[in-house]
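The following questions ask how statements about a protein model are justified. Each answer sets a value against a definition and draws the conclusion.

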Amino acid sequence: MKKSKKKQASNKAFMEYVAKHNCCLMSHSSDIVSSSCGGGVQAHHLLKPWDGFRGMGMRASDNNCVPLCYKHHALLHDKYGNEDKFWTLFNLPENYGRGVSQMLWHNFNYGEPDGDC
Ligand SMILES: [Zn+2]
């Protein structure tokens, strides 16, 4: 099987777009995890993409990003690992990340003004 390693410019642009937002946990509180953000915002690749069917040469992983501050990003990866469970610590639904990512992707493509998630 032949794999293309070519990165699409739009994907990179989308990740930069995502990283310009506030951490998507900023306004959510948790009893278990400190909800205060720390560090710069990064684009976190969702572990479970919402978009498994897009077949236009777009890598699913690249349009499945949510903004997470350094601290929450590290917490998710290092301490929790389970993305769906991680959102629920903040009283959010398990598909929260997918919803945010989908909204951002939509706004990115259609140029709508967006609020912070
Ligand atoms: Zn944060």
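Helices and strands are DSSP runs, a helix having at least four residues and a strand at least two, and they are numbered from the N terminus. The model discussed here is predicted.

Q: How many helices and strands are there in the protein chain, and in what order do the elements run?
A: The protein chain has four helices and two strands. Read from the N terminus, the order of the elements is α-β-β-α-α-α.

Q: How do you know that β1 and β2 pair, and which way do they run?
A: Two strands pair if DSSP finds at least two bridges between them. Five bridges join β1 to β2, so the criterion of at least two is met. The two strands run antiparallel. One of the partnerships links His45 with Cys65 in β2.

Q: Why is β2 described as largely enclosed by the rest of the structure?
A: A residue is buried if 20 or more other C-beta atoms lie within 10 Å of its own. Five of the five residues of β2 are buried, and the strand is therefore largely enclosed. Cys65, Pro67 and Cys69 point one way from β2, while Val66 and Leu68 point the other way. In the protein chain as a whole, buried residues make up 26% of the 117 residues.

Q: What makes a group of residues a nonpolar core, and which residues have the most contacts inside the largest one?
A: The members must be buried, must be of listed types such as Val, Leu and Cys, and must be joined through C-beta atoms within 7 Å. The largest nonpolar core has 18 residues, and those with the most contacts inside it are Val18, Cys23, Cys24, Cys65, Val66, Leu68 and Val100. Two or more residues are given to this core by each of α1, β1, β2, α3 and α4. In soluble globular proteins, nonpolar side chains tend to be buried together.

Q: Why is Met103 called partly exposed?
A: Met103, found in helix α4, has 16 C-beta neighbours inside 10 Å. This value lies between the limit for exposed, 12 or fewer, and the limit for buried, 20 or more, so the residue counts as partly exposed. Met103 and Val66 are 37 residues apart in sequence, and their C-alpha atoms are 9.7 Å apart in space.

Q: Is Asn91 buried or exposed, and how do you know?
A: Asn91 has 11 C-beta neighbours inside 10 Å. The limit for exposed is 12 or fewer, so Asn91 counts as exposed. Asn91 is found in the loop between α3 and α4, and has a positive phi of about 60° although it is not a glycine.

Note on methods: Residues numbered from 1 in each chain as written. Predicted model: local features only at pLDDT ≥ 70, side-chain atom pairs only at ≥ 80, totals over all residues.
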